[in-house]
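Here are some notes for your reading of this model, set out as numbered points. They deal with one sheet, the helices that lie across it, and a selection of salt bridges.

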Amino acid sequence: MASTQRPVLLEPDAATTQHLITHRRELHASPELSFKEDETARYIVERLDTLGLDKLTHGVGGTGVVADIRGERPGRSVLVRADMDGLPLTETADVPFRSTRIGVMHACGHDVHMAIALELARWLADRRHELPGMVRFAFQPAEEQAGGAKPMIDAGVLDGIDRVIGLHVWSQLPTGQVAIPPGVVMASADMFTLIIRGRGGHGAQPHLTIDAVVIAAEVVTALQTLVSRETSPVAPVVITLGSVHGGSAANIVAGEVVIQGTLRTFDAALRRHLLARIAQVAEGIAGTMRGSSEFRHDSGTPPTVNDPAIAALVGEEARRVVGVDGVVPFEPLMVGEDFAYFLEARPGCFFLLGGAPEGPPVVHHTPEFRIDEKCLPIGFQVMTAAVLRLLRPD
Ligand SMILES: [Zn+2]
Ligand SMILES: [Zn+2]
């Protein structure tokens, strides 16, 4: 196939493109924070409700919405996930559909994900008689806090599901390109707290105290050796201690220091090992220096890992939409993504949809975040082709 060839299998009509843009802009203008996506859920339910679906449930795992479209032919069951939440930022872009809520913004592109899923639901509902199997849509709350996927899974959203698929628009990937890694897509993301305890006292009488600041300093340095000395140099790991707080005055020895950090890896076993070692190293050092350390695992998601066979199928379909050159290699990202829980439970694929806007480059999670809306019909086509392929019983 010539690399420029663009099959027209699913070339969206003007109405589809318009629906995608309308959904995206309406959702963009009314962003909500994690687990507070009530209006967003209502918007989704209202639109899905007109499609005559087989099952439509809301309030799943918080504010989640689940909808089933059952085809009239035998096939597999595929779950399509779209995340719903915005971020605590105030949008700076001067666009007509700018966020109407000061301090809340769709700064990660979840509005794009919902728009594509909504339009795919309409498209599939219209073609139910020729559809094999069943497609379940999971509109998921609280991706940004990595707290939304698990409650939905615990509520049974994966029951009867064979395969899962999701996408993320990516502002650093040109529009017209998609990335479908055959394995790791994103890192695990764990947040932890270490509470270092000593005994406070007079700054001029250190021998009568157990200085938690000095213990913490040793712990901070030692934890980096878990990366440099205990982990293979070809296994990417990040340990960032982003917050260290202790003490109240220059001449008072601090009795307690609280360290907060994050661990990122691409490997599930390494993740478990390092979490245990972080606690152990801190305890060991604190104990040696007559203090103590308490480890708290605040939150965490596993690495996001695609099933290679499913990723290959999705890649084949994507090439039919964006051409051979449009499917590009992509280095795994150190960011976390709670679609990881879906991929841990079922074989599936998470792909990145290029949506780099014109003008200066923008990054996710900033007030300047924008995307190129031309990515909407492309994402819709790739997602639709991929879902139809994954439904096929062969
Ligand atoms: Zn995000
Ligand atoms: Zn996101």
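**Notes on a sheet and its salt bridges**

1. Glu294 is partly exposed, with a relative accessible area of 31%. Please keep in mind that this is a predicted model. The side chain of Glu294 meets that of Arg197 in a salt bridge, at 3.0 Å from N to O, and because Glu294 lies in strand β13 and Arg197 in strand β8, the pair ties together parts that are 97 residues apart in sequence.

2. Arg197, itself partly exposed at a relative accessible area of 32%, also forms a salt bridge with Glu256, at 3.5 Å from N to O. Glu256 belongs to strand β12, so this pair with Arg197 of β8 ties together parts that are 59 residues apart in sequence.

3. The strands just named belong to an open, antiparallel sheet of four strands in the order β10-β12-β8-β13. Since β10 (237–246) and β13 (292–301) each have a single partner strand, one side of each is left without a neighbour in the sheet. The twist from one strand to the next averages 20°.

4. Nine bridges join β10 to β12 (residues 256–265) in the antiparallel sense, and His245 stands opposite Val258 in β12.

5. Two helices deserve attention here: α5 (residues 212–228) lies across β8, β10 and β12, at about 170° to β10, while α6 (residues 268–288) lies across β8, β10, β12 and β13, at about 160° to β13.

6. The whole structure holds 21 salt bridges, and Arg24, Arg25, Asp111 and Glu373 are linked in a network of such contacts.

How values were computed. Residues are numbered from 1 along each chain as its sequence is written. Chains are lettered from A and ligands numbered from 1 in the order in which they are written. This is a predicted model: local features need pLDDT of at least 70, side-chain atom pairs count only at pLDDT 80 or more; totals for chains, interfaces and linings use all residues. Side-chain values use heavy atoms; hydrogens and water are left out. Two strands pair if DSSP finds at least two bridges between them. Axes are lines fitted to C-alpha atoms, for helices over the stretch in contact, and angles run from 0 to 180 degrees between N-to-C directions. Contact means heavy atoms within 4.5 Å. A salt bridge is a side-chain nitrogen of Lys or Arg within 4 Å of a carboxyl oxygen of Asp or Glu. Buried means under 20% relative accessible area, exposed over 50%, partly exposed in between (1.4 Å probe, protein chains only).
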